[in-house]
Amino acid sequence: MAVSVAAAYVSPITWTRSAPVQSSTARLPATGIGKAMSVTSGTKSESGVGETIRVVIHALIIALIIRTFLFQPFNIPSGSMIPTLLVGDYLFVSKFSYGFSKHSFPFSPDLFEGRIFGKEPERGDVVVFKLPRDNSTDYIKRVIGLPGDHIRMVNGHLQINGTPVKKELIGKKDVSAGAGYRDRATLYRETLPNGVSYVSQELDLFGNMLGRNTPEFVVPAGHYFMMGDNRDNSTDSRVPREQGGVGYVPFENFVGRAEVIFFSVNDGEAHNMGRDVHMEHDLRYDRADEFMEIVLNCWDSWEDDAIVAKLGLLK
């Protein structure tokens with residue numbers, strides 16, 4: 001997420017010498033005290049401005065390091081990963097999970113090719129990546145196919161290397177179809193060959209049924225097959241990039257792995273249009289439970305009272 005910084009204009013400090021003070025009977029000799037005080041005051045002002053600039057620069061450098069090498073926040077603007085991720089969710093993505101490529105850096109500078117300190121993703125990981133057809137748009141999908149895998153959809157059933165993935169019916173649910181329309185979704189629990197389990201959904205009315213039956217895809221070396229959990233409403237690797245889809249995703253395009261939701265706003269599309277957020281109605285507190293549990297566990301494990309006292313914090 002890009003951060004814009006507005007530079008404050010600081011006008012130069014100037015000093016003017018006052019006219020000498022005269023009494024009615026005698027001219028007092030100039031002492032130079034007024035000039036010295038002006039210079040001292042100006043020096044303090046310059047020092048304060050310089051210190052502020054240094055603090056801002058240091059903060060920006062620290063933020064850039066964290067964003068590039070550790071964690072980066074993202075928000076979910078569309079429903080392709082429903083029910084796992086909802087529109088309006090905000091999550092942290094770990095940048096170090098798969099090593100680093102040029103896409104780990106802001107604006108994807110052409111510094112080097114491939115990845116350094118690379119670690120291959122596991123099947124089932126939820127990953128943020130750069131869309132292969134433009135190498136700039138951020139997408140988030142689940143890793144379904146690894147290099148060399150044979151992937152196919154048959155009547156809505158995912159097959160990996162000729163074996164159907166375990167798929168259990170959970171039930172049905174009324175869901176939003178966008179633009180004020182409602183739909184009925186059928187929820188399933190899928191379990192991948194490595195044991196990763198998640199909930200996917202199919203739409204009864206407004207879904208794209210074409211994605212339920214596909215030809216067989218053979219994932220090339222160094223690439224991955226990505227799919228959204230909202231199977232009938234996800235532009236993913238089932239559609240080639242030449243047809244406006246995602247196609248196979250090069251490992252180099254991976255940005256990071258989705259780790260935890262830290263904030264969630266109901267009806268995200270409405271907020272994007274500028275409607276005010278109302279705490280009691282719009283925040284989805286339960287979506288950030290895992291993050292809050294992590295924070296509380298870290299807080300409980302912080303048992304050094306001396307450090308807490310120095311920071312002015314209360315346990």
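Which residue in β6 does M153 stand opposite? In this predicted model, in which residues are numbered from 1 along each chain as its sequence is written, local features need pLDDT of at least 70, side-chain atom pairs count only at pLDDT 80 or more, and totals for chains, interfaces and linings use all residues. Side-chain values use heavy atoms, with hydrogens and water left out.

Confidence is described by pLDDT, the predictor's confidence in each residue, from 0 to 100. The mean pLDDT of the protein is 75, and 67% of its residues reach 70 or more. Among helices and strands, which are DSSP runs numbered from the N terminus (helices H or I, at least four residues; strands E, at least two), confidence is lowest in helix α5 (residues 305–311), where the mean is 41, and highest in strand β11 (residues 217–218), at 98. Over residues 1–41 the pLDDT stays under 50, and the model has 17 contacts beyond four places in sequence for this stretch, a contact being heavy atoms within 4.5 Å. Residues 268–273 also have a pLDDT below 50, with nine contacts beyond near neighbours in sequence. Where pLDDT is low, the predicted coordinates should not be read in detail.

The opening question concerns an open sheet of four strands, in the order β7-β6-β5-β11, with antiparallel pairing. Because β7 (163–164) and β11 stand at the edges, each with a single partner strand, one side of each is left without a neighbour in the sheet. Two strands are taken to pair if DSSP finds at least two bridges between them; strand β5 (residues 150–154) and strand β6 (residues 157–160) are joined in the antiparallel sense by four bridges, and M153 stands opposite L158 in β6.

Another open sheet has seven strands in the order β1-β2-β14-β3-β4-β12-β13, and its pairing is likewise antiparallel. Here β1 and β13 (249–250) stand at the edges, each with a single partner strand, so one side of each has no neighbour in the sheet. At the β13 edge, two bridges join this strand to the antiparallel strand β12 (residues 223–227), and the bridge partner of H223 in β13 is P250. At the β1 edge, β1 and strand β2 (residues 89–94) pair in the antiparallel sense over five bridges, with V93 in β2 as the bridge partner of Q72. Along strand β1 (residues 71–75) the side chains alternate, since Q72 and F74 point to one face and are buried, whereas F71, P73 and N75 point to the other and are not; buried means under 20% relative accessible area, exposed over 50%, and partly exposed in between (1.4 Å probe, protein chains only).
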